[in-house]
Amino acid sequence: MQRHDPCGYLYTTAGASVTPEITKQKSGKPEWGRILQHLPNALLAMIAVRKYGNDKYAAIAEKAGVPFDSESWRTNSAQDYLESAQRHMTALFRGERINAEDSGVHHAAQAMVDLAFFMEIEHAA
């Protein structure tokens, strides 16, 4: 008899013994390599956006004398992030690649982070 363990390994059972086979079953599982290996520049740019945002809002919180929470982005509406992404995409379509007036990072990366926040908030709803 064959079965899968919680990690997706296929096992053949014969009586009381269990022998793992060589192949790992991948069907139906996220293939992280398709993102991590093939889009490193996009991911690094998104990390730069998050670092910039954390630094920016930590400084604002410190100035206001309140604690900073790096998860505070979750308190905004999904629509806020969709609109922000649209502003960054509009800048891209106008030929502006780098957000020189604010962060110095690529507008596409800012739009991607905004859309990621949008997706997380939508998924949580």
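In the predicted model, the buried residues of helix 2 are Met46, Val49, Gly53 and Ala61. Helix 4 is included in what covers these buried positions of helix 2. Helix 2 itself contains 25 residues and spans 36 Å between its first and last C-alpha atoms, close to the 36 Å expected at 1.5 Å a residue. The residue that follows helix 2 is Gly65, with a positive phi near 75°.

The chain as a whole comprises four helices and three strands, arranged along the sequence in the pattern β-β-β-α-α-α-α. Of the 125 residues in the chain, 23% are buried. The accessible surface amounts to about 9300 Å², and carbon and sulfur atoms account for 59% of this area. When contacts between residues at least 6 apart in sequence are considered, 36% of them join residues at least 24 apart.

Two of the buried residues of helix 2, Met46 and Val49, also belong to the largest nonpolar core. This core has eleven residues, the others being Trp73, Ala78, Tyr81, Val105, Ala109, Val113, Phe117, Phe118 and Ile121. At least two residues of the core are supplied by each of helix 2, helix 3 and helix 4. Helix 4 contributes the largest share, with five residues. In soluble globular proteins, nonpolar side chains tend to be buried together.

Contacts of individual core residues show how these elements meet. Leaving aside residues up to four places away in sequence, Val113 touches Met46, Val49 and Arg50. Tyr81 is located in helix 3 and counts as buried, at 9% relative accessibility, because this value is under 20%. With the same exclusion of sequence neighbours, Tyr81 touches Trp73, Asn76, Asp114, Phe117, Phe118 and Ile121. The C-alpha atom of Tyr81 is also separated by 6.5 Å from that of Leu115, although the two residues are 34 apart along the chain.

A polar residue, Gln110, is likewise found in helix 4 (residues 107-124). Gln110 has a relative accessible area of 7% and is therefore buried. Beyond residues up to four places away in sequence, the contacts of Gln110 are with Val49, His88, Asn99, Ser103 and Val105. Val49 and Val105 are members of the largest nonpolar core, and Val49 is also touched by Val113.

Four salt bridges are found in a search of the whole structure. Side chains of opposite charge can pair when their charged atoms come close. One of these bridges joins the side chains of Asp55 and Lys51, with an N to O distance of 2.6 Å. Both residues lie in helix 2 (residues 40-64), four residues apart, which is about one turn of the helix. An α-helix has 3.6 residues a turn, so residues three or four places apart point the same way. Asp55 is partly exposed, with a relative accessible area of 44%, whereas Lys51 is exposed at 52%.

A further salt bridge is formed by Asp102 and Lys56, whose closest N and O atoms are 3.7 Å apart. This pair links distant parts of the chain: Asp102 is in the loop between helix 3 (78-93) and helix 4, Lys56 is in helix 2, and the two are 46 residues apart. Asp102 counts as partly exposed at 37% relative accessibility, and Lys56 is also partly exposed, at 27%.

The side chains of Glu31 and Arg34 meet in another salt bridge, at 2.6 Å from N to O. Glu31 has a relative accessibility of 44% and counts as partly exposed, while Arg34, at 55%, counts as exposed.

In the same stretch of sequence, Trp32 lies in the loop between strand 3 (17-24) and helix 1 (33-36). Trp32 is exposed, with a relative accessible area of 60%. Together with Ile35, Leu36 and Leu39, Trp32 makes a nonpolar surface patch of about 430 Å².

Note on methods
Residues are numbered from 1 along each chain as its sequence is written. This is a predicted model: local features need pLDDT of at least 70, side-chain atom pairs count only at pLDDT 80 or more; totals for chains, interfaces and linings use all residues. Side-chain values use heavy atoms; hydrogens and water are left out. Buried means under 20% relative accessible area, exposed over 50%, partly exposed in between (1.4 Å probe, protein chains only). Contact means heavy atoms within 4.5 Å. Patches are made of residues with over 30% relative accessible area and no salt bridge: like charges are joined within 9 Å, nonpolar side chains (Val, Leu, Ile, Met, Phe, Trp, Tyr) within 5 Å. Accessible areas come from the Shrake-Rupley method with a 1.4 Å probe; for residues, only the protein chains shown count as cover. The expected span of a helix is 1.5 Å times one less than its number of residues. A nonpolar core is a set of buried Ala, Val, Leu, Ile, Met, Phe, Trp, Tyr and Cys residues joined through side-chain atoms within 4.5 Å.
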